[in-house]
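This report describes a structure with several chains, beginning with one residue and its contacts and then moving outwards to cores, chains and strands.

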Amino acid sequence: MNATAYIAAAYGTTLCALVLFWVRSIRQRIQLVEMQQSHLRTQTTQS
Amino acid sequence: MHKKTKLLAGGIIIIATILLMSVLSLQQNTVYFYTPSEAMAQKSSLSHKKIKIGGIIQKGSVDWQAPALSLRFVVTDTEDTHIPIEHTGTPPDMFKEGQGVVVDGRFNTDGSTFMAETLMVKHSEEYQIPSEGKSMNTDLLKKSILEKE
Amino acid sequence: MKDGDINFKIAPHPWMICSLPLLLISWAYGLFIVPTDIHQGEVYRILFLHVSCAINAFAISAVLFVCSVQCLWKNNTHFSYWGLPIAETGLFWTIFTLITGSIWGKPTWGVWWTWDARLTTTFILALMYAGFMVLWHAADNSSTRNKSCAILGILIFADVPIIYKSVSWWRTLHQPPSILRTGGATMSTPMLMTLLAVLCCTLLVSAALIRYRAQNRQLESQLEQQMFELESSQKGEPL
């Protein structure tokens, strides 16, 4: 293997993992916001 | 005693213990490598053990037979001790005369040569762009391998 | 919705969105523009990534230390939201310090891994961050969870000076520091400046991630509170 392959492996894995970490965090947020909204709806229908 | 103070005292004790234990255990058990002089001085007790030796690759000593993958060279230190090394396998790109090296293996039966199973290059902390045209800072390398605070 | 409740948007804060492209620009500078190293050639470019990951892992441990001390000293509730995201991000960078270091070690040292003092103490840092996360999820009571995790947070920080000095205290395969050393930096100025740029961008990405995930925790606990209140009101009990 030459130097380029090692560099690409190092930067590539880090970038992929970083993007994945961001995507997971945002998906978690979407889920939480949706739950909050549905909760608000049940509250309004009750009152 | 207040609950918080107890908790803090406990925390400090735990930190101190762990710090102390790690420092002690690393100093006693993990001599990561011996310098060539240390290895020669303790040769009789080390002769059957798998050890690491770290030093400088002596200039003009490298004999690399590519077809047989056989590598011979001499490792040295500041105290003018020389240990002949034998290794089978392609050395890393950074392996060259005057470079630092750590070899893992054991002395052969008559103790004349060190048979290295693993060969690792130990480079210095120097990073330079080519335009500055400097060659390797050998003093820095020697200091980084053979001297500790 | 009550007055005290916070309504978080899904999109991250604008400067958080900027942090990732900024990081990519600094990477591109390190990968394509800065000259090669006379000893290692091209492969030295992993340095920018590896060192940034390591310093991020260390910096995050300092943040965790401050939060932990605050939690133990002043019973600060911020720790409930910030503790876990800080440890998660710290673990992320520690793991990538080990991975990028390993990828860099193979072509330069000739081995992927060796148990020298620097590598071992960094490995311990990863274990401690992981331990923090396990402890966090294991505790059933948020007060004992915060206290025990805060103590571990202080211990994690205690490992960082050991990692930093490991190359000076013991013989290692890993080289000593190039920048913060007596006698000045042993790195050419363009390389040093690039490293600082990549480091700053990585720190920005880290801060953004931690903040965003801490907001998630806050949202989560808010939701739990709302659910609890709804249940109580359905049963006809006073709040």
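In this predicted model, A:A10 touches C:I46, C:L49, C:T100, C:I103 and C:W104, leaving aside residues up to four places away in sequence, where a contact requires that the C-beta atoms of two residues, placed from the backbone, lie within 7 Å. Because the model is predicted, local features need pLDDT of at least 70 and side-chain atom pairs count only at pLDDT 80 or more, whereas totals for chains, interfaces and linings use all residues. Residues are numbered from 1 along each chain as its sequence is written, while chains are lettered from A and ligands numbered from 1 in the order in which they are written.

**Cores**

A:A10 is also among the residues with the most contacts inside the largest nonpolar core, together with C:I46 and C:I156, and this core has 59 residues. A nonpolar core is here a set of buried Ala, Val, Leu, Ile, Met, Phe, Trp, Tyr and Cys residues joined through C-beta atoms within 7 Å; a residue is buried if 20 or more other C-beta atoms lie within 10 Å of its own, exposed if 12 or fewer, and partly exposed in between, with C-beta atoms placed from the backbone. The elements that give two or more residues to this core are α1 (3-46) of chain A and, from chain C, α1 (14-33), α2 (46-74), α3 (78-108), α4 (117-138), α5 (142-169) and α6 (189-234). Of these, α2(C) gives the most, with 14 residues. A second, separate core of 26 residues includes B:V103, B:L119, B:V121 and C:L173.

**Chains A and C**

Helices (H or I, at least four residues) and strands (E, at least two) are DSSP runs, numbered from the N terminus. The two chains that supply the elements of the 59-residue core are set out below.

| Chain | Helices and strands | C-alpha box along the principal axes | Buried share |
|---|---|---|---|
| Chain A | one helix, zero strands | roughly 70 × 10 × 5 Å | 17% of 47 residues |
| Chain C | six helices, zero strands | roughly 75 × 35 × 30 Å | 45% of 239 residues |

In chain C, 77% of the contacts with a separation of 6 or more are between residues 24 or more positions apart. C:S143 lies in helix α5 of chain C and counts as exposed because it has 10 C-beta neighbours inside 10 Å. C:S143 and C:S166 are 23 residues apart in sequence, and their C-alpha atoms are 35 Å apart in space.

**Where chain C touches chain B**

The contact takes 38 residues from chain C and 38 residues from chain B. On the side of chain C, the elements that give two or more residues are α2, α3, α5 and α6, and α5(C) gives the most, with eight residues. The residues on this side divide into 22 nonpolar, twelve polar and four charged, where Ala, Val, Leu, Ile, Met, Phe, Trp, Tyr, Cys and Pro count as nonpolar, Asp, Glu, Lys and Arg as charged, and the others, Gly among them, as polar.

**Strands of chain B**

Strand β4 (residues 82-88) of chain B has a covered face, B:I83, B:I85 and B:H87, and an uncovered one, B:H82, B:P84, B:E86 and B:T88. Strand β3 (residues 70-76) runs antiparallel to β4(B) and is joined to β4(B) by seven bridges, two strands being paired if DSSP finds at least two bridges between them; B:S70 has B:T88 as its bridge partner in β4(B). These strands form a hairpin with five residues between them, and B:D80 in the turn has a positive phi of about 60 degrees. β4(B) also pairs in the parallel sense with strand β6 (residues 114-122) over three bridges, and the bridge partner of B:E86 in β6(B) is B:M115.
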